[in-house]
Every structure is written in structure tokens, then in C-alpha cells.
Amino acid sequence: MSRPATPKVPFGGDYNPEQWPEPVWDDDDRLFTLAGIDTVTLGVFDWALTQPAPDRYDFSLLDRIVDRAARGGRMICLATGTGAHPAWLARAHPEVTRVDFDGRRHRFGQRHNSCPNSPVFRRLSTELARRVAHRYADNPAVVAWHVGNEYGGACYCDLCTAGFRRWLRERYGTLDALNAAWYTTFWSHTFTDWDEIEAPSALTEHWRGPDHTAFQGITLDYRRFMSEAMLANFRDEKTAIRESSDLPVTTNFMGMYRPIDYHRWAADLDFASWDNYPPEGSSPAWMALSHDLIRGLKDGQPFWLMEQTPSMTACRDVNPLKPPGVMRLWSWQAVAHGADAVLFFQLRASRGACEKYHGAVIGHAGRADTRVFREVAELGAELRRLGDATLGARTPARVALLFDWDSWWALEMSDGPSRLVRYQQVVLAYYQALWDAGVDVDVLAVTADLSSYTVVVAPALHLVSGDLAERLAQVAQRGGSVLTTFLSGRVDVDGNAFLADVPGPLVPLTGVRVDEWDARGAEVVNPVRLGTGTEELEVDARLVFELIIPEGADVVGSYRADWYAGTPAVTRNTYGAGHGWYVGTALDQRGVSWVVRQVLDRHGLAGPYPDVPGLETAARVTGDGARLLFLLNHGTDAVEVTATVSGVDLLTGARVEVGDPLRLDPTAVLVLRDSGRVGTSS
């Protein structure tokens, strides 16, 4: 089973009744029923309760919690409880706590506090997962297993260093191969024994933080190793669960989270899930990109929205409140992009510790007449009426955007040309343009099959390895379009520069070479003129200015200032029956959007309302071929558009015909089941 079997979109979230006296539980049950809460995630941080001593397990409290949820008819996503280790474990085995980047051995405290390469941690966390699964595997209320919690961080202890050396032996086989990959003739770094290799940290290769390293190859490999070390922890627990249960297993990811390469984890998840806590000031496109990234992990399979706040977070310096309607809007946005569950953190507010002011469905007073509770209950009623209409539905995307952790890591640890370039911001700018155009997008790994896509967008594709360049070229060869940008095609899998013209393996596709590049502070603007004649547009460019020499490509945009004024900044190369586009600078959003629309318009791929600010459109296709069109108004003003399809609004039951006027107030949502069919979804 790849996904949990549920009769409708699960609605609920993290529930921690162990933090409250048992008489409160009765009130929780009553309020859950009022709000339509049908799913609870239990036991995420219960290790200290379920194993209070090295040789003693006590499931009596968890038994009562699970039994009550089951008797209440609620579905359970049951955690293994290994998100943080107990105090007795750190005292008995100090080596289980992490050593930080600066070389400090931490003592017990916080969470994310376990060394992933500690044999003791791996043995005991696996045993706890084994016992939890064995005890509750036959409970029909349990629909999924939740391993760990928000994996992340890094450790630099001796155990991790030893593990790194073993990992390197498997990866390279010989020291000669490793020395070549890491370019160790630089600065007298040639290694003659595996035990000479140290974990890259503030005590070894780094200065001024984790992104400033003398040897990018060493640090790049350590990030890969640490991501895989935590994956080994997940695999340990999943294997233990499988001894008793075949139910789907997941762990909650964090969207665009740099320390862990989620693509390398994807095959081990039965279904993907993630926690949506967007940065302050982020756009709806940031969330949409994250949803599409998580959906893309499992070849387009729907995911679970495992956590979101119903009102506010508590972990930031300033924690704004979601205004009326926004929680509902963002929840439906998740469903529009492939979520098959809508869950919150937290269902009842903690009384103490660092999350006591984190938003919750039920506040400290336990009231049902708060604005937040009423909005949650209204959403619960909508999802109940929706039933199973969206479950399993896929996104029919013809546009792919490549998101690559290796490029992210390699670009941001590179000395030059500019540390002001941030990978996520570059990717988001191009995704924003696609979002504004109303395009359905699959966000994919660079290893994904690209044969079904008409347009592939690959911003800041800094590291190119394997057959990626050939597969991108094939997209253009058969008539599609490929769009890439500055600082792409610079380094190989080891972080070493290609001994070739920039952009390396992408030169034939793009039809350009880059011999020089200029970098300036963020305050320096070089205007770029895009288009020709009456279609001209002048936009701003910043940070990096590559000096492009066309070798077959047509010039689409040119710099307007500095000594390279008049030279190409944006090009389009005819390749086979299609095009390879290259953008040599960090255009402002108007510029990025202009380029993206040129690409989309060639293929007729813009959405139904591409010029309506703040109006998001997304589509899903059910297994029986029904097309679901989502319209969501993220703007501050009402919008009025004309229906492009006929169907029924699944939220209101209203019939809509082609040509009908549609009015969406701010935060309004429409889910239209198209009367037509698009064929069976794969």
C-alpha cells in the first residue's frame, strides 16, 4: 500500500493529550466532533513516556490515548515517538548527543539532539519503533505510521567522522579517486590514509560559517553523507515497523529545507508529507512551489499536509496572525496542489514550553466560540461534504521545474562570483512567473524522466552530472523548450569546474558561451532591454552579469549600461524542433515573467486567467478522468472572470456553464468539477 486508505480527506492534526489531565480529554472529544476532526497524529515525542528507563517500556498511557481515539471513530497516524531522545539516554550514553559545527559536544536538551551515526541511538530508536508497531499494528484505527519528526541538522562527532570515512570508501573505492574528486593537490591536501580525513567544520575546512569552505568537494560530500545518515535512521525504523505492519510509512518534511536532499529519500517513503510554515512575507507562490516539490517526490502521487498552524507560529521573533479566511484558503491551496490530507499543529495548545503560544485549534480556555475554532469547523464541514472527490487525483502538468539539492549546496558554498545569489530565490522567481501564468507545474529531481514535458525550466542549474544535459537537449530536440539561467552548467558532480566553455554540457543546447562574468552589490542595477520594436520592455538586472557570446543563439535581451552595454543578456537558441533559452543575469520579477511568458506562449500553455493578479488556478485529474479546476483568490480585492469550463462547484453544489461570470471575493475558493473528461489519469 503506497498511500493511506481513507474515505475522505483526513482532517485533524497533532494531538498531545499526554500534556493535559485526563478529564480534559472528554472536552477534546466533544470539540473534535464539533470541528469535524476525524484524524489525529499521536505520540510524536513520547519516547520518555513509553520507555522511561533503559530496561522498561510502559505503554499504558499511549494505550488509553489510542483506545479513546479509536472509540471516537478517528483515524490515527501513529508516530514511533523518536523525534527526541529522553534524558536518561543522554546521561547513560553521552555520545548519543550531537557535536555542533563549532566542535561543541551538546548535553541533553531541545530536540533534533541525536547523533544519526550513534549505534546506541540507532539500536534503541529502532527497538522503540518495533515495539510501537507490534503493539498497535492490528488496531483498525491506525491508517499510517509517522517516523521521527522533521529530520534535520548535522553532527560532527567522531562517530560521524568515522561513518563519513566508511561512506567515502564505498563512494570512491580508492584514495586516488577521492583525491582527484576533491582536487586535493590544492593547498597540500592530498590524503594518503582514510583516517586522515576529517569532517568539514569550523575546526577544519570552514571559516565564517557552513557556507565558507576551502574545499567544496569535501563539504558537498559531507552534506550528502549527513542526509543519507539520517535516511538510514528512517530506514531502521521502517524496517522494524514492517515486521508487524504493511501500513504506509512517512515522515514529515519541511518543504525547501536545505540540509536534507528529499529526492534521495523519496524511494523510501510510502507517501510524502510536509509541514507548511511559510517564511514571513512569502508569497502564495512560495507555498505552491513547496507543495509541488513534495508532490514531485513520488512521481506526482498525492501527499499529506501533515502540519500547518490554524492561526500563528511561535518560533519566530514576530509571529503574525492569519487573518480571517486565510487558513481556509491555504488549506484549499494544498488540496489544489495534490494534498490528500489537511492537518494542523496543534489540536490543543500546549500549556508550557516553547510552543505554548503556537496556534492551536483549541486554545488554553477550551472554547468553541473563538474565530479560529469556528473557521476550522467550517473547513471541516466543507471537507466532509467534499468526501472522496479529490482523493488520489493527479496534476496534469506539461511544465517541469527542476529543483536540485546538489546545485543548491554547490552554488551557495562556492567562492565566487557572488555570495548574494541564493538558489531558492532564483528558483522561486521562475516559479513565481509560472504561478502568475496559471500553469500546472511538476517540480522534479534532475534525475526524473522528462519525456512527457513540453517545457522544462532549470534555474541556477549549477551542478550538472550524468546524462542530464542530453535529456534536456532531447526535450528541445522533439519540439519543446528548455530555459536555464546564469551560473548554470558550471561544475560537475564533485563540484569541480568543467574544462570547457561555460555553461559546460549545456553549450550545445543554449548555443552560447560565457568567457567572463561581472558581479556587483545588490544596489547596482544594469538595465536589460528585452524584445524588439513595439514589444520592447526594459527591466532591472542585479548581482551577476554574464558576458554572453552567441554561437548560434538569437539575442532576445541586451545590457544597457557599463562597458558591456549592448551585449547579450538573454538568448534563444533553435535546437532541433525546439529552443534552448539562456538568461545570463538576475532579472527582476517583471523580466523573469516576460521571458517565461515567451516560452509558454509558444506552446499555448498559459492558464485560463494568466493576467488576473492574485488569482491562482490549479488542476487535478481523478482516476475516472474527471478534471477538477481550483480557483483561489489570494488578492485583497474581489476578482471577476468568465468561466472557461462547465461543471459543478464541489463546495456549494452550484452549476456553472461556460461563459458564466464568476466572482471571487478575497480568500474565496472554487472547486469546479469539469463536465468533460481528459482521459484516465496515470
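Mentor: Helices (H or I, at least four residues) and strands (E, at least two) are DSSP runs, numbered from the N terminus. The model is predicted, so local features need pLDDT of at least 70 and side-chain atom pairs count only at pLDDT 80 or more, while totals for chains, interfaces and linings use all residues. Residues are numbered from 1 along each chain as its sequence is written, and side-chain values use heavy atoms, with hydrogens and water left out.

Trainee: In which loop is Glu150 placed?

Mentor: Glu150 has a phi near 45°, a positive value in a residue other than glycine. Its place in the chain is the loop between strand 4 (142-146) and helix 6 (158-172).

Trainee: Is Glu150 buried or exposed?

Mentor: The scale is relative accessible area: under 20% is buried, over 50% is exposed, and values in between are partly exposed (1.4 Å probe, protein chains only). For Glu150 the relative accessible area is 7%, so this residue is buried.

Trainee: Arg208 also has a positive phi without being a glycine. Is Arg208 buried or exposed?

Mentor: The phi of Arg208 is about 50°. Arg208 belongs to the loop between helix 7 and helix 8. Because its relative accessible area is 67%, Arg208 counts as exposed.

Trainee: Which residue is joined to Phe345 by a cis peptide bond?

Mentor: The omega of this bond is about 10°. The partner is found in the loop between strand 9 (339-344) and helix 12 (371-386). The residue joined to Phe345 is Gln346.

Trainee: What is omega for the cis peptide bond from Gly416 to Pro417?

Mentor: Pro417 is placed in the loop between helix 13 (405-412) and helix 14 (423-436). For the cis bond that leads to Pro417 from Gly416, omega is near -5°.

Trainee: How many salt bridges does a search of the whole structure find?

Mentor: Side chains of opposite charge can pair when their charged atoms come close. Here a salt bridge is a side-chain nitrogen of Lys or Arg within 4 Å of a carboxyl oxygen of Asp or Glu. Across the whole structure, the number found is 53.

Trainee: How many residues apart in sequence are the parts that Arg235 and Asp268 tie together?

Mentor: The side chains of Arg235 and Asp268 form a salt bridge at 3.0 Å, N to O. Arg235 lies in helix 8, whereas Asp268 lies in the loop between helix 9 (262-265) and strand 7 (273-276), so the parts tied together are separated in sequence by 33 residues.

Trainee: Which of these two partners, Arg235 or Asp268, is buried?

Mentor: Arg235 has a relative accessible area of 40%, so it is partly exposed. The other partner has 17% relative accessibility and therefore counts as buried: Asp268.

Trainee: What is the N to O distance in the salt bridge of Asp415 and Arg419?

Mentor: Asp415 is partly exposed, with a relative accessible area of 45%. Arg419 also counts as partly exposed, at 24% relative accessibility. Their side chains meet with an N to O distance of 2.3 Å.

Trainee: With which residue does Arg520 form a salt bridge?

Mentor: Arg520 counts as partly exposed at 29% relative accessibility. Its partner has 15% relative accessibility and so counts as buried. The two side chains meet at 3.0 Å, N to O, and the partner is Asp518.

Trainee: Which residues are linked with Arg171 in a network of salt bridges?

Mentor: The network includes the aspartates Asp221, Asp261 and Asp406. The arginines linked with them include Arg171 itself. The residues linked with Arg171 are Asp221, Arg224, Asp261, Arg264 and Asp406.

Trainee: How much space lies in the largest cavity?

Mentor: On a 1 Å grid over the protein atoms alone, a cavity is a set of points where a 1.4 Å probe fits but cannot get out. Grid points are joined across faces, edges and corners, and a volume is the space filled by probe spheres set on the points. The whole structure holds six cavities of 30 Å³ or more. In the largest cavity, the space is about 170 Å³.

Trainee: Which element gives the largest share of the lining of the largest cavity?

Mentor: Lining residues have an atom within 4 Å of a point. This cavity has 16 of them, and Thr82, Gly83, Arg98, Phe121 and Tyr151 lie nearest its centre. The largest share is three residues, from helix 8.

Trainee: How far apart in space are Leu434 and Ala606?

Mentor: Leu434 lies in helix 14 and is buried, with a relative accessible area of 0%. In sequence, Leu434 and Ala606 are 172 residues apart. In space, C-alpha to C-alpha, their separation is 8.3 Å.

Technical notes:
On a 1 Å grid over the protein atoms alone, a cavity is a set of points where a 1.4 Å probe fits but cannot get out, and a pocket is an open set with protein on both sides within 12 Å along at least five of seven lines; lining residues have an atom within 4 Å of a point.
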